[in-house]
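Okay everyone, thanks for coming. Let me put the structure up on the screen, and then we'll walk through it together.

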Number of protein chains: 2
Amino acid sequence: MTPQASTPAYRRLSVEERRSQLLDAALALFAHRAPEEVSLDDVAEQAGVSRPLVYRYFPGGKQQLYEAALRSAADELRHCFDEPRQGPLLARLTRALDRYLAFVDEHDTGFSALLQGGSVAETSRTTAIVDGVRRAAAEHIMSHLEVAEPGPRLRMTVRMWITAVEAASLIWLDEAKEPPVDELRDWLVEQFAAVLSVTGRRDPQTAELVRLLAEDA
Amino acid sequence: MTPQASTPAYRRLSVEERRSQLLDAALALFAHRAPEEVSLDDVAEQAGVSRPLVYRYFPGGKQQLYEAALRSAADELRHCFDEPRQGPLLARLTRALDRYLAFVDEHDTGFSALLQGGSVAETSRTTAIVDGVRRAAAEHIMSHLEVAEPGPRLRMTVRMWITAVEAASLIWLDEAKEPPVDELRDWLVEQFAAVLSVTGRRDPQTAELVRLLAEDA
């Protein structure tokens, strides 16, 4: 029984659909295993196709597939930050964090492997993809705060908080997902408000935002 | 003119002294250049020795030298955390941060290359060395706070703050070392107190520490 016979859909997929099916299969595997523990055979099996077919779409082999899967995960992560520009600011942040933490929960092992560094699959390209997500997160926050030209102190504060959220996510995965995700989310939002307040004592631009957040709540 | 003739000290160094001289030379180079921009010839030249001599001490070549230099930098960094157990707690943290930021200032490019990830010299071993420093920092903080068994919320708070300090250091290097180091240091200490307060609202163990810090100031 050839795969063609067992999966009638085999020939019907367009190039784009096939690529996307292989990426989904790869992402499902990379989400729950370290990159070094995923083989091309695993991906072929997960997608229900042959190994040569995987190679036809990803001639660069596992590294290419990993990077493509990572790019697709990064896009998904960026979507977590999409939030209508209405309602209280901290409530918007709460909803975005909710989606972000759901992503972390769903892609646990892959998320840890990626961010903990030292992975065999890590290259300057994978680092650039992750940095792109961080930058997007910072830009979303500035845009919701309606700050067109954030000064260095405000920028540093936001970037530090984003890093702290990443660290919290890794620790949370490491600690069997404790505390419960809702508590973690609220706690991170409170930390955001607290570090902004600290910066506000030294920086008039941030002080103004702190005033807005207080009025807005 | 052979190196032996020009540097009379050449033959006098013991194995340990020679090793340490080569490490110092490597560290001086890796501190201000990305690992990929340092060659073994550079290290030999910096130390005033021949390339074969460098290989005799570090047969694994540049990667071995990089890891050894990193281990030596990590030891130096740990020493930054040594602080007598006396006087107000936040003043102790301020002094330790002062030394830490001086280290960051001195090893700017190497510090960035190491922590920004995606470096060709990064392996699971280099990651483990960096993680060891982070763990040591967290242990020092817990020991000064006299917390023998930190709960998950307190541990997470301290580790998040340590990550945020790292992020701030990288951004600071990226932004031409602005704000001035004294301001950065005080700001980081204030953030420490602020995030502990936030956690204290949810965690009795941390609340008790917040009370102690307030009394202690």
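So, what distance separates the centres of domain 1 of chain A and domain 2 of chain A, taken over C-alpha atoms? It's 33 Å. Keep in mind, by the way, that this is a predicted model.

Let me back up and say where those domains are. In chain A, domain 1 covers 3-63 and domain 2 covers 81-216. The two do touch: eight residues of domain 1 of chain A are in contact with nine residues of domain 2 of chain A. On the domain 1 side, the largest share comes from helix α2 of chain A, residues 15-32, which gives three residues. If you sort that side of domain 1 by type, you get four nonpolar, two polar and two charged residues.

Now, on to how the chains meet. Chain A puts 29 residues into the contact, and chain B puts in 29 residues. Looking at the chain B side, α8 (124-144), α9 (152-174) and α10 (181-200) each bring at least two residues. The largest share there is from α9(B), with ten residues. By type, the chain B side has twelve nonpolar, ten polar and seven charged residues.

And how are the two copies arranged? Turn chain B by 180 degrees, with a shift of 0.0 Å along the axis, and you can lay it on chain A with an RMSD of 0.0 Å. So the copies are related as by a two-fold rotation axis. On top of that, 100% of the interface residues of chain B are also interface residues in chain A, so the copies meet through the same surface.

Notes: Residues numbered from 1 in each chain as written. Chains lettered and ligands numbered in written order. Predicted model: local features only at pLDDT ≥ 70, side-chain atom pairs only at ≥ 80, totals over all residues. Contact = placed C-beta atoms within 7 Å. Helix = DSSP H or I, 4+ residues; strand = E, 2+ residues; numbered from the N terminus. Nonpolar A, V, L, I, M, F, W, Y, C, P; charged D, E, K, R; others polar. Least-squares fit on C-alpha atoms with pLDDT ≥ 70 in both. Domains from an automatic or database assignment.
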